[in-house]
Amino acid sequence: MMTIDPMRWGSALALLAAYGGMCATLLRRPKAANVPAPVEGDWLVVYASQTGNAEYLAQQTAATLATGGLNARAVCISSLDPATLSGVTGATRALFIASTYGEGDAPDSAARFAGVTMAQDADLSQLHYGVLALGDSSYTNYCGFGRALDAWLHARGATPLFERIEVDRGNGDAIANWQHQLSHLAGTSDAPDWEAPAYGHWRILERTLLNPGSIGAPLYRIALAPQDGALPGWEAGDLVQVCAPRDPDLPREYSIASIPSEGKLELLVRLQRHEDGSAGAASGWLCLDATFDDTVALRVRAHARFRLGENAARPLILIGNGTGLAGLRAHIKARIDAGVVENWLVFGERNAAHDFLCRDELQGWVDDSQLARLDLAFSRDGDGPRYVQHALAEQGEELRTWIARGAAVYVCGSLQGMAAGVHEALANALSAQALDELAAAGRYRRDVY
């Protein structure tokens, strides 16, 4: 996932609305004269996605190609191998939509492809391809994975259909350029609507400071509901996008901390401050400025990779820090309501006295045997720093026992420090190969930012 730390990356979906009206004119182009005629089933639209942005764009891309009569299907990059791309199984044309994660890394869904497939000397001379690279130019390795993927494809003999297109934080002009290339390939002016869903009108019901007295920034539990109508549907693991009045062109994403049966949508939001002391556009709006009478522009977005899915009935190990508790809390609540109590939470913050978020609720679940284990790490307590990765390292044998019983691992929280430390602790306890196999099986999932 490409993010602006500490606020989530504004996704491509939110900016599509600004240029949705361009689609018809941009797509009135003739079919490319130099592109080989497609054969049955040979158009692949491959996405490497962390939070769903690339997947959404891949679905829209496949739909656009299909309007021109092309047999196109969107597939996750985790399902690809050299035989597929080399044409052995029929694929001779592929469009890649690749997110970059952290400082130039492949997203989790592409980690195995980047580490294994891209290390092979495959012959891709039969492949024609295009790359849409999603990134954030505030990072040093802007579009790092998309660029690396493009370079690898070219080095293996694949032929580019057009130059790589790079999208900086959902830039509308770049997406429009991609649509133009699609029209050139599909030869159609009948394009599907790429406009993102409209924001709903919400209001704040409750706003509670969870860490009074903390040396860290204030963190609020915020409950919202639609101003009119019923709650929309969502699942544990999903996100919301909030459009702040001071920065409407760059929505912020937050993990949802509640489930629909609770009758409200809850977020955990930490108030961010810039170097000049001013509050962040979105966090300042939600934590300080918005009154209970104000309209909050918000929409729910599915985050398929962090949903429970096939892991719903498995034992679940949930690991996170800070506001990452939001997504983990939703999963625990959903499982408790479903009668699944094999839940192990490993959570970290600064001080137990001030930063033990949702203390009463979590301890109540433990007392009621709905949360089987609760391991805590408070970095500023004790003789030295102690983080969630240290708590995991201390429980290596128990971790292996849970994994042997089929447990899945979900990680939510900060990319810097926590995510890498937890990954290393898991690899040390289980082996790097075992962790790769868990990820490939969908039993190791992360939502880090």
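This report covers two enclosed strands, the largest pocket and one buried arginine in a predicted model.

## Strand E3

Strand E3 spans residues 93–99, and 7 of its 7 residues are buried, so the strand is largely enclosed by the rest of the structure. In a regular strand the side chains alternate between the two faces of the sheet. Both faces of E3 are covered. On one side the buried residues are Arg 93, Leu 95, Ile 97 and Ser 99, and on the other they are Ala 94, Phe 96 and Ala 98.

E3 has parallel partners in E1 and E4. Strand E1 (residues 43–48) pairs with E3 over 6 bridges in the parallel sense, and Tyr 47 has Ile 97 of E3 as its bridge partner. With strand E4 (residues 128–135), E3 forms 7 bridges, also parallel. Here Leu 95 is matched with Gly 130 in E4 as its bridge partner.

## Strand E16

Strand E16 (residues 408–413) is largely enclosed by the rest of the structure, because 6 of its 6 residues are buried. Ala 408, Tyr 410 and Cys 412 are buried on one side of E16, and Val 409, Val 411 and Gly 413 are buried on the other.

Strand E13 (residues 316–321) runs parallel to E16 and is joined to it by 5 bridges. E16 also pairs with E17 in the parallel sense, over 5 bridges. Val 409 takes part in both pairings: Ile 317 stands opposite Val 409, and Tyr 444 in E17 is a bridge partner of Val 409.

## The largest pocket

The largest pocket holds about 890 Å³ of space. Its lining has 37 residues, of which Asp 108, Ser 109, Ala 111, Arg 112 and Ala 439 are the closest to the pocket centre. By class, the lining divides into 18 nonpolar, 9 polar and 10 charged residues.

Helix H5 (111–115), helix H14 (415–430), helix H15 (432–440) and strand E17 (444–448) each contribute at least two lining residues. H15 gives the largest share, 6 residues. E17, which supplies part of this lining, is also the strand that pairs with E16.

## Arg 270

Arg 270 belongs to strand E11 (residues 265–270). Is Arg 270 buried or exposed? The relative accessible area of Arg 270 is 17%, under the 20% limit, so the residue counts as buried.

A polar atom of the Arg 270 side chain lies 3.2 Å from the backbone oxygen of Ala 217. Leaving aside neighbours within four places in sequence, Arg 270 is in contact with Asn 211, Ala 217, Pro 218, Leu 219, Ser 283, Gly 322, Thr 323, Glu 349 and Arg 350.

How values were computed:
Residues are numbered from 1 along each chain as its sequence is written. This is a predicted model: local features need pLDDT of at least 70, side-chain atom pairs count only at pLDDT 80 or more; totals for chains, interfaces and linings use all residues. Side-chain values use heavy atoms; hydrogens and water are left out. Helices (H or I, at least four residues) and strands (E, at least two) are DSSP runs, numbered from the N terminus. Buried means under 20% relative accessible area, exposed over 50%, partly exposed in between (1.4 Å probe, protein chains only). A polar contact is a pair of N or O atoms within 3.5 Å; within protein, one must be able to donate a hydrogen and the other to accept it, and residues adjacent in sequence count only if both atoms are side-chain atoms. Contact means heavy atoms within 4.5 Å. On a 1 Å grid over the protein atoms alone, a cavity is a set of points where a 1.4 Å probe fits but cannot get out, and a pocket is an open set with protein on both sides within 12 Å along at least five of seven lines; lining residues have an atom within 4 Å of a point. Grid points are joined across faces, edges and corners, and a volume is the space filled by probe spheres set on the points. Ala, Val, Leu, Ile, Met, Phe, Trp, Tyr, Cys and Pro count as nonpolar, Asp, Glu, Lys and Arg as charged, and the others, Gly among them, as polar. Two strands pair if DSSP finds at least two bridges between them.
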